[in-house]
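Welcome! Please take a moment with the sequence and the 3D view before reading on.

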Amino acid sequence: FSAVALTLSSQTSPAGITGGEMKREELIFLQWAFCSTAVTITSGALAERIHFAPYLGHVLMMAGVAYPLLAEAAWGSPGSLFYDHFHEMVEGHSYHDMAGSGIVHLLGGWASFLCLP
């Protein structure tokens with residue numbers, strides 16, 4: 001996760017999540033925990049409905065592409081890849097993500113919905 005995902009994401013410190021500055025190692029652990037939670041949401045929805053090899057491909061796509069882009073949009077730096085567009089869409093709508101739960105469950109829920117037969 002950290003090798004690919006943090007290079008796609010321009011996050012330095014998600015002060016909006018924790019309320020303060022974080023070390024790089026703490027950021028990696030926090031984002032790893034959020035990413036693994038989003039992936040396990042889909043594992044519950046796909047249990048006994050999918051073979052192992054396609055599930056591994058799904059995990060790689062979610063952890064390597066989908067989660068980093070969505071996390072960067074929500075918690076990245078102004079001027080980065082999707083941050084400006086995302087924050088223009090939610091401007092004036094009082095969007096507050098409580099400890100990352102909105103992004104994690106949004107990604108896990110939509111991925112589960114799209115993967116179910």
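The report below goes from the whole chain to its helix contacts and then to two single residues.

## The chain as a whole

Keep in mind from the start that this is a predicted model. The protein chain has 6 helices and 0 strands, so a walk along the sequence gives the pattern α-α-α-α-α-α.

How much of the protein chain is buried? Of its 117 residues, 38% count as buried. The surface that the protein chain exposes comes to about 7,000 Å², and carbon and sulfur atoms supply 66% of that area. Contacts can also be sorted by how far apart the partners sit in sequence: among those between residues at least 6 apart, 59% join residues at least 24 apart.

## Where α4 meets α6

Let us begin with helix α4, which covers residues 52-75, and helix α6, which covers residues 101-115. These two pack at an angle of about 140°, and their axes are 10 Å apart. Are they roughly antiparallel or oblique to each other? Because the roughly antiparallel class needs an angle over 145 degrees, α4 is oblique to α6. Their crossing is right-handed.

On the α4 side, the contact is made by His58, Met62, Ala66, Tyr67, Leu70, Ala74 and Trp75. On the α6 side, Ile103, Leu106, Leu107, Ala111 and Cys115 take part. Sorted by class, this contact of α4 with α6 has 11 nonpolar residues, 1 polar residue and no charged ones.

## Where α3 meets α6

Helix α6 also has a contact with α3, a helix that spans 24-46. The axes of α3 and α6 come within 8 Å and cross at roughly 30°. That angle makes α3 roughly parallel to α6, since the class takes in angles under 35 degrees. Here, too, the crossing is right-handed.

Which residues build this contact? From α3 come Phe34, Thr37, Ala38, Ile41, Thr42, Ala45 and Leu46. From α6 come Val104, His105, Leu107, Gly108, Gly109, Ala111, Ser112 and Cys115. The contact of α3 with α6 has 9 nonpolar and 6 polar residues, and no charged residues.

## Where α4 meets α5

Helix α4 has a contact with helix α5 as well, and α5 is made of residues 83-90. The two helices pack at an angle of about 60°, with 7 Å between their axes. They are therefore oblique to each other, and the crossing is right-handed.

In this contact, Glu72, Ala73 and Ala74 of α4 meet Tyr83, Phe86 and His87 of α5. By class, the residues divide into 4 nonpolar, 1 polar and 1 charged.

## Two residues to look at

Try finding His58 in helix α4. Is His58 buried or exposed? With a relative accessible area of 11%, His58 is buried, because buried means under 20%. Leaving aside residues up to four places away in sequence, His58 touches Thr42, Leu46, Ala111 and Cys115. Thr42 and Leu46 appear on the α3 side of the contact between α3 and α6, while Ala111 and Cys115 appear on its α6 side.

Now look at Glu48, in the loop between α3 and α4. Glu48 has a relative accessibility of 85% and counts as exposed, since exposed means over 50%. Its phi is near 65°, a positive value in a residue other than glycine.

Technical notes:
Residues numbered from 1 in each chain as written. Predicted model: local features only at pLDDT ≥ 70, side-chain atom pairs only at ≥ 80, totals over all residues. Heavy atoms only, no water. Helix = DSSP H or I, 4+ residues; strand = E, 2+ residues; numbered from the N terminus. Buried < 20%, exposed > 50% of the residue type's maximum accessible area, 1.4 Å probe, protein only. Contact = heavy atoms within 4.5 Å. Areas by Shrake-Rupley, 256 points an atom, 1.4 Å probe, with all protein chains shown as cover. Axes fitted to C-alpha atoms, helices over the stretch in contact; angles between N-to-C directions. Parallel < 35°, antiparallel > 145°, perpendicular 65-115°, else oblique. Left-handed = near helix turned anticlockwise from the far one by under 90°. Nonpolar A, V, L, I, M, F, W, Y, C, P; charged D, E, K, R; others polar.
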